[in-house]
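Okay, thanks everyone for coming. I'd like to walk you through one structure today, so please have a look at the sequence and the model first.

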Amino acid sequence: MSTVLVADDDADIRELVTFKLEQEGHEVHAVADGEAALRAVLDVSPDIVLLDVMMPRRTGLEVCEALRAAPETAGLPVILLTAKAQEADLERGFTSGADDYIVKPFSPRELATRVRAQLARARG
């Protein structure tokens, strides 16, 4: 079992992601904004973080950059969740340090597959 942190200001998305990943056997912690995500990373030590790009009180990009800048979280897998699907948006997401980028609306099955893949890569 892995610990997953989900940060999204949309309660429906948080519930959907939490439901699907708990079904997969993960322990899921969900928060609604970027500041809460940064605090939760320190509190729950997740194995992977899923960040909405457009959140209040720090965007997902800002949270990702902060995680990459801190030695203790620099290697933490990060997946961005966003409605922004332009090539420039993807480039900005990967430039922030994200490991993967999922465009909304997304398939819960695809989400679970990508989480498994990132966790497997992180474990080597």
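**Starting from the sheet**

Let's begin with two strands, E1 and E3: they run parallel and are joined by four bridges. If you want a spot to find on screen, look for Val-4, which stands opposite Ile-48 in E3. Keep in mind that this is a predicted model.

Now zoom out a bit. What is the order of the strands in the sheet? Reading across, you get E2-E1-E3-E4-E5, five strands in an open sheet with parallel pairing. At the edges sit E2, residues 27-31, and E5, residues 100-103, and each of those pairs on one side only. On average, neighbouring strands here are turned by 20 degrees against each other, if you ignore direction.

Okay, helices next. H2 lies across E1, E2 and E3, and runs at about 170 degrees to E1. Then there's H1, residues 11-23, so to speak our ruler helix: 13 residues, reaching 18 Å from its first C-alpha to its last, close to the 18 Å expected. Which residues of H1 are buried? They are Ile-13, Arg-14, Val-17, Thr-18, Lys-20 and Leu-21, and yes, that list has an Arg and a Lys in it. Those buried residues pack against E1, E2, E3 and also helix H5, which covers 108-123.

On to the cores. The largest nonpolar core has 21 residues, and Val-49, Leu-51 and Leu-80 have the most contacts inside it. Who supplies it? At least two residues each come from strand E1, helix H2, strand E3, helix H3 (60-69) and strand E4 (78-82). H2 gives the most, with five residues.

Let's stay with Val-49 for a second. Leaving out residues up to four places away in sequence, Val-49 touches Leu-5, Val-41, Leu-67, Leu-76, Pro-77, Val-78 and Ile-79. Apart from that core lies another one, with 16 residues, including Leu-21, Leu-50, Leu-111 and Leu-119. You've met Leu-21 already: it was one of the buried residues of H1.

Last stop, the aromatics. How many aromatic pairs does a search of the whole structure find? Just one pair turns up. The rings belong to Phe-94 and Tyr-101, with centres 6.2 Å apart and planes at 40 degrees, so this pair counts as tilted. Are the two partners buried or exposed? Phe-94 is partly exposed, at 39% relative accessible area, while Tyr-101 is buried, at 6%.

That's my tour, over to you.

Key. Residues numbered from 1 in each chain as written. Predicted model: local features only at pLDDT ≥ 70, side-chain atom pairs only at ≥ 80, totals over all residues. Heavy atoms only, no water. Core = buried A, V, L, I, M, F, W, Y, C linked by side-chain atoms within 4.5 Å. Buried < 20%, exposed > 50% of the residue type's maximum accessible area, 1.4 Å probe, protein only. Contact = heavy atoms within 4.5 Å. Phe/Tyr/Trp six-rings, centres within 6.5 Å; stacked < 30°, edge-to-face > 60°. Pairing = 2+ DSSP bridges. Axes fitted to C-alpha atoms, helices over the stretch in contact; angles between N-to-C directions. Expected span 1.5 Å × (residues − 1).
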